[in-house]
Amino acid sequence: MAKVVLYHTDGCHLCEQAHGYAVSVLSSGDIHLQDILDDESLMSQFQTSIPVIKNIKTGKLLYWPFTQQQIQELIQEDGFN
């Protein structure tokens, strides 16, 4: 089951970099990729701020720019390791 959501869109080089950071900390199965173009409300909410990572359990959002360390801290806040 996914632990985080990575809000992104295709062709976003920062999103690709964020995904690389995320898979260095988590397995790919722990990351749900959500293209914001698939949902109008997500597009409205995140169109100027992607990539964004959300801890599914706590709901906390991590806005770009972020580091691998910050992703690790985000997932550790709720006991994920």
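## A buried pair of cysteines

Cys 12 and Cys 15 are both buried. The model you are looking at is a predicted one, and these two cysteines make a good place to start exploring it. A disulfide links Cys 12 with Cys 15, and the distance from S to S is 2.5 Å. If the word is new to you, a disulfide is a covalent bond between the sulfur atoms of two cysteines. How many disulfides does the count come to? The count comes to one disulfide.

The link also has a handedness. Turning about the S-S bond by 75°, the connection between Cys 12 and Cys 15 is right-handed. A close neighbour in the sequence, His 13, sits in helix 1. Is His 13 buried or exposed? Its relative accessible area is 58%, and because that is over 50%, His 13 is exposed.

## The nonpolar cores

Now look inside the model. The largest nonpolar core is made of twelve residues: Val 4, Leu 6, Ala 18, Ala 22, Leu 26, Ile 31, Ile 53, Leu 62, Phe 66, Ile 71, Leu 74 and Ile 75. Which elements each supply at least two residues of this core? They are strand 1 (4-8), helix 1 (13-25) and helix 3 (68-76). Helix 3 gives the largest share of the core, three residues. Apart from this core lies another one, of nine residues, including Cys 15, Leu 42, Phe 46 and Val 52.

Two members of the largest core are worth following by eye. Leaving out residues up to four places away in sequence, Ala 22 touches Ile 31, Ile 53 and Ile 71. Ile 31 belongs to strand 2 (residues 31-35). With a relative accessible area of 9%, Ile 31 is buried, because buried means under 20%. With residues up to four places away again set aside, Ile 31 touches Ala 2, Val 4, Leu 6, Ala 22, Val 23 and Leu 26. Phe 66 is also listed in the largest core, and the C-alpha atoms of Ile 31 and Phe 66 are separated by 16 Å, with their positions 35 residues apart along the chain.

## Where two helices cross

How do helix 1 and helix 3 lie relative to each other? Their axes come within 9 Å and cross at roughly 55°. That angle is why helix 1 counts as oblique to helix 3. The crossing of these two helices is right-handed.

You can find the residues that meet here. On the helix 1 side they are Tyr 21, Ala 22, Ser 24 and Val 25, and on the helix 3 side Gln 68, Ile 71, Gln 72 and Ile 75.

## A closer look at Tyr 21

Tyr 21 is part of helix 1. How accessible is Tyr 21? Its relative accessibility is 22%, so Tyr 21 counts as partly exposed. Which residues does Tyr 21 contact, leaving aside its neighbours within four places in sequence? They are Trp 64, Phe 66, Thr 67, Gln 68 and Ile 71. Phe 66 lies 45 residues from Tyr 21 along the chain, yet their C-alpha atoms are separated by 8.9 Å.

## Two cis peptide bonds

Here is some background before the next stop: most residues other than glycine have a negative phi, and most peptide bonds are trans. In this model, a cis peptide bond joins Ile 50 and Pro 51, with omega about 0°. Pro 51 is found in the loop between helix 2 (40-46) and strand 3 (52-55). His 13 and Pro 51 are 38 residues apart in sequence, and their C-alpha atoms are 9.5 Å apart in space.

A cis peptide bond also joins Trp 64 and Pro 65, where omega is about 5°. Where is Pro 65 placed? Look in the loop between strand 4 (61-63) and helix 3. Pro 65 has a relative accessibility of 63%, so it counts as exposed. From Pro 65 to Gln 76 is eleven residues in sequence and 19 Å in space, C-alpha to C-alpha.

Conventions:
Residues are numbered from 1 along each chain as its sequence is written. This is a predicted model: local features need pLDDT of at least 70, side-chain atom pairs count only at pLDDT 80 or more; totals for chains, interfaces and linings use all residues. Side-chain values use heavy atoms; hydrogens and water are left out. A disulfide is a pair of cysteine sulfur atoms within 2.5 Å. Buried means under 20% relative accessible area, exposed over 50%, partly exposed in between (1.4 Å probe, protein chains only). A nonpolar core is a set of buried Ala, Val, Leu, Ile, Met, Phe, Trp, Tyr and Cys residues joined through side-chain atoms within 4.5 Å. Helices (H or I, at least four residues) and strands (E, at least two) are DSSP runs, numbered from the N terminus. Contact means heavy atoms within 4.5 Å. Axes are lines fitted to C-alpha atoms, for helices over the stretch in contact, and angles run from 0 to 180 degrees between N-to-C directions. Angles under 35 degrees count as roughly parallel, over 145 as roughly antiparallel, 65 to 115 as roughly perpendicular and the rest as oblique. A crossing is left-handed if the near helix is turned anticlockwise from the far one by less than a right angle, and right-handed if clockwise.
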